[in-house]
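Open the model in your viewer and keep the selection box handy. This tour moves from stop to stop.

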Amino acid sequence: MREIQIGGLVPFTTIDYPGKLSGVLFLVGCPLRCAYCSNSHLIDVGDGPYDPEKVFDWIKARVGKLEAIVFSGGEALMQGDATIKYIQRVRELGFAIGLHTNGFYPDLLARAAPFVDWIGLDYKATRAKYESLVGNSIAYDRMSKSLDFWLTTGKDFEVRITCDPRFITKDDLREIVDDCAARGVRKIAIQKYTPYAEDDAHKTTPEAREQFFNDADLREYINKKFESVIWRE
Ligand code: SF4
């Protein structure tokens, strides 16, 4: 088995796992090609610059200082068993395990689930617009399966919607949150889009990016549907 490929590391954060001080590992490789990707240096499969055993020693030295380790990417589950085994080792040290995922690997998510305590799952657009945003025709169905699976675990999680106005309208956002609420999602995060990769033909404006956050009716509509709504600007 190939060892895990780590492309980046954040040693200390308070925002990547709700309520826990955590460190974040960014794993190499992603099956999607989202138009707004801010980690495009991580999406091609290849060798990561970090030595996994040195990172593991660093994690071991954080026992008692950090509460959680979050696996992010790229798409952390794309590395399959290498990721799952590493997650198991880290969890045996006593850390809570978080996973940021685009939901593309529901079967791997099911295998990892016994060792994962919380996930942040991307729900990127309506079904109709998913492919145009992520460049993959089966991504919506995969994400949908992952969401339904995770609900069966009873474990904590957050659904994250990044409001890129090139791919999401306010009506789309309503459609997405309606779907989430109907499935039984209790916690969501509405995330402001930050432009990293725009070309002249596909530019957004600050007003377009902010429209989701300054509409009182929309806020009320969404806030009343869930136990927790984070408006992440
Ligand atoms: S799922 Fe995340 S890492 Fe992968 S292309 Fe999309 S934004 Fe980038």
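Two residues count as in contact if their C-beta atoms, placed from the backbone, lie within 7 Å. The model is predicted.

**Stop 1: helix α6**

Select residues 170-183, which form helix α6. Its 14 residues should span 20 Å at 1.5 Å a residue, and the end C-alpha atoms are 20 Å apart, so the two agree. Now colour L173, I176, V177 and C180, the buried residues of α6. Look down the axis: these buried residues fall within an arc of 90°, so they line one face of the helix.

What covers them? Show β6 (156-163), β7 (187-192) and α8 (216-223), which are included in the cover over the buried residues of α6. Then turn to the other side of α6, where D171 and A182 are exposed. Step just past the helix to G184, which takes a positive phi of about 105°.

**Stop 2: the ligand**

Centre on the ligand. Its surroundings are C30, L32, R33, C34, C37, N39, I43, G73, G74, E75 and N102. By class, five of these shell residues are nonpolar, four are polar and two are charged.

Stay with G73 and G74, both part of that shell. The peptide bond from G73 to G74 is cis, with omega near 15°. Most peptide bonds are trans. G74 sits in the loop between β3 (68-72) and α2 (80-92).

**Stop 3: the nonpolar core**

Which residues touch the most other members of the largest nonpolar core? Select L27, I69, I87, I97 and I161. The core has 62 residues in total. Helix α5 (residues 139-153) gives the most to this core, with five residues.

Zoom in on I87. Beyond its neighbours within four places in sequence, I87 is in contact with F71, I97, A112, F115 and V116.

**Stop 4: two long-range pairs**

Pick A82, in helix α2. Is A82 buried or partly exposed? A82 has 16 other C-beta atoms within 10 Å; buried takes 20 or more and exposed 12 or fewer, so A82 is partly exposed. Add R2: the two are 80 residues apart in sequence, yet 6.6 Å apart in space, C-alpha to C-alpha.

Finish at D47, in the loop between β2 (22-27) and α1 (52-60). D47 is exposed because it has 11 other C-beta atoms within 10 Å. Draw a distance from D47 to I6: their C-alpha atoms are separated by 7.8 Å, with their positions 41 residues apart along the chain.

Notes
Residues are numbered from 1 along each chain as its sequence is written. This is a predicted model: local features need pLDDT of at least 70, side-chain atom pairs count only at pLDDT 80 or more; totals for chains, interfaces and linings use all residues. A residue is near a molecule or strand if its C-beta atom, placed from the backbone, lies within 6 Å of it. Ala, Val, Leu, Ile, Met, Phe, Trp, Tyr, Cys and Pro count as nonpolar, Asp, Glu, Lys and Arg as charged, and the others, Gly among them, as polar. A nonpolar core is a set of buried Ala, Val, Leu, Ile, Met, Phe, Trp, Tyr and Cys residues joined through C-beta atoms within 7 Å. Helices (H or I, at least four residues) and strands (E, at least two) are DSSP runs, numbered from the N terminus. The expected span of a helix is 1.5 Å times one less than its number of residues. The arc is that of the directions from the helix axis to the C-beta atoms.
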